[in-house]
Amino acid sequence: MSAILSVDDLNDFISPGVACIKPIETLPTAAPAASDANSTLEVEVILDGQQPEAKSNAPPAEISLTDCLACSGCVTSAEAVLVSLQSHNEVLNMLDSAPALKLVGPDADGKYSVEGLENSAAKLYVASVSPQSRASLAAACGNGVTEQQVGRMIEQLFLGAQGLARGGKWGNKFTWVVDTNTARETTLVLGSDEVLGGSIAPSDKAATPVLTASCPGWVCYAEKTHPYVLPHLSRVKSPQALMGTLLKTSLSRILNIAPERIWHLAVMPCFDKKLEASREELTDAVWAGDGKPGRGVRDVDCVITSKEVLMLAASRGFDFFSLSVSVPPQSPRFPDHLIHDFLFRPGHRQQSREAGTSGGNMHFILRHLQAKNPGTQIETVPGRNADVIEYKLIGEAGEVVFKAARYYGFRNIQNLVRKLKPAKASRMPGGKPFGSAKKPAGKANGLDYGYVEVMACPGGCTNGGGQIKVDDPVVIDRKGLAGKPGPQEQKEWQKEVDEAYFSGDEPGSGAQDDDWDLVVDGISPSRIRNVLTHWSTLTGIQLERLVYTSYREVVSDVGKEKKMTDTERVVQLAGKIGGGW
């Protein structure tokens, strides 16, 4: 997205600019000539078109995801960004690169070991799957297939002999497949402590109102176009990032292997999650280094979307929908008892409809505060559209205890960030500040919220750009639709995905934390804090490094003049007056 944006051009799924103009520096194959000693090579890379005609013998230019994050020429779109480094092909290439590492144990002392370390290319494969992706695939399956049943199909894909191991060069498969719901519950407790001042709140608490930061499209947009909102972003990692840190840190310490020997795949509903995985704030440079962001081993090595799960199966020569919904072969136990019970809890937690389709950050904070204040009630105030809702926690005497809001979709986010924009000081002596502070006398600015849940996609994460859509050929074929589906069919399809997300539970299989003192929406904050303390002790890493992250302003250099040397200025001046050397 261009930083210069008009309201008329704005929609909820924003395409990137046609041309990527990030300078690419390449190393020459031979020593450069003296005349070229001070030159640099700049290549224009076309994201959605053909490469321009080459002007030199330079090798083809490539843009990595890290390069994309470092540039502020555009904000990537969940619908249009084409990335090659994280795809279903990358998953297959990794699986076929070398025999997988094998977990062995436990021995008589309860210790685990790893076989195959002599091969430097061998990896231990772990996958994490989001509930939104399972819901999208369940809707595509149809015939009453539940989200939990799709979870078993995904496990068959990654763990079973008839899945990815079929047809692979080495017959490799994943060692574990985990549900990101466990990480989601952890982020809910962390986010609540951050806002309400709990025992594990970060030392650099976000400014009020605290804004959700689990949506990478929203975070990327804020960093590149509205840096004044960065102090408001929640410091809590997203479920994807937290799960990656948990897996890489605990496995590397317990098994005494380097974190780069663990390959973590995440299945997500959003293409922008690929960009999140490439953030320098989410590498071992933070938790194993000096605590500062840097290029290191990523906590999440690859992200694929719900659509790409179908492509992954097709690339191995079979149909995902043909996979069995039966329980797959049992994986080995995770080499730590407490973390195993945390990751692989029996049963399946049903999502709360009141919490929404994006994890329920705001809803959990309201419920947590309500549990601490008996007699309070949650009041809902609809906004200007279905994606803007205000929530109030009302005390017994009618007073407002806490206010929160939900803003989904870029159209609504524009209004939110505009209200957060700081007032500009007047240049006139004695003049009053102007800008966001300018309002009719006695009228509040409308941002007296304690928390705002912000998501880039209208409707929330079940409507992510990587989800299967009603106009995708696989849905048209399976539903037998005639012609191209329109907006109404898309709405009906989205209702099916949401229903799969909310009603994925099976009778008698619900997971609850009833054995703990305070339980909020079936989640015990005490149990979560106990696991976090154990994790920090096990790895020997400070908890803040493990669970919190940071953000930074990305300053655009698009359209700005480059700094020139004295020689270059002389050449430019000579050219303008018709002279030369």
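Among contacts (heavy atoms within 4.5 Å) in the protein chain between residues at least 6 apart in sequence, 73% join residues at least 24 apart. The model is a predicted one, in which local features need pLDDT of at least 70 and side-chain atom pairs count only at pLDDT 80 or more, while totals for chains, interfaces and linings use all residues. Residues are numbered from 1 along each chain as its sequence is written, and side-chain values use heavy atoms, with hydrogens and water left out.

Start with the whole chain in cartoon view, where there are 18 helices and 13 strands; helices (H or I, at least four residues) and strands (E, at least two) are DSSP runs, numbered from the N terminus. Of the 581 residues, 51% count as buried, which here means under 20% relative accessible area with a 1.4 Å probe, protein chains only, whereas exposed is over 50% and partly exposed lies in between.

Next, select β5, β6, β8 and β9, which form an open sheet in the order β6-β5-β8-β9 with parallel pairing; two strands pair if DSSP finds at least two bridges between them. At the edges, each pairing on one side only, are β6 (176-179) and β9 (302-305), and the twist averages 25° from one strand to the next. Zoom in on β5 (residues 124-129), which is joined to the parallel strand β6 by 4 bridges, and pick Ala127, whose bridge partner in β6 is Val177.

Now add helix α7 (residues 239-255), which lies across β5, β6, β8 (262-268) and β9 and runs at about 160° to β8; the axes are lines fitted to C-alpha atoms, for helices over the stretch in contact, and angles run from 0 to 180 degrees between N-to-C directions.

Show Phe158 as sticks: leaving aside its neighbours within four places in sequence, Phe158 is in contact with Ala127, Leu164, Lys173, Phe174, Val177, Leu265, Val267 and Leu312. Phe158 is also among the residues with the most contacts inside the largest nonpolar core, which has 43 residues; such a core is a set of buried Ala, Val, Leu, Ile, Met, Phe, Trp, Tyr and Cys residues joined through side-chain atoms within 4.5 Å. Among the elements that each supply at least two residues of this core are β5, β8, β9, α4 (147-159) and α10. A second, separate core of 40 residues includes Leu101, Leu190, Ile339 and Leu546.

Finish at helix α10 (residues 306-315), whose buried residues are Ser306, Glu308, Val309, Leu310, Leu312 and Ala313. Just after α10, Gly317 takes a positive phi of about 90°.
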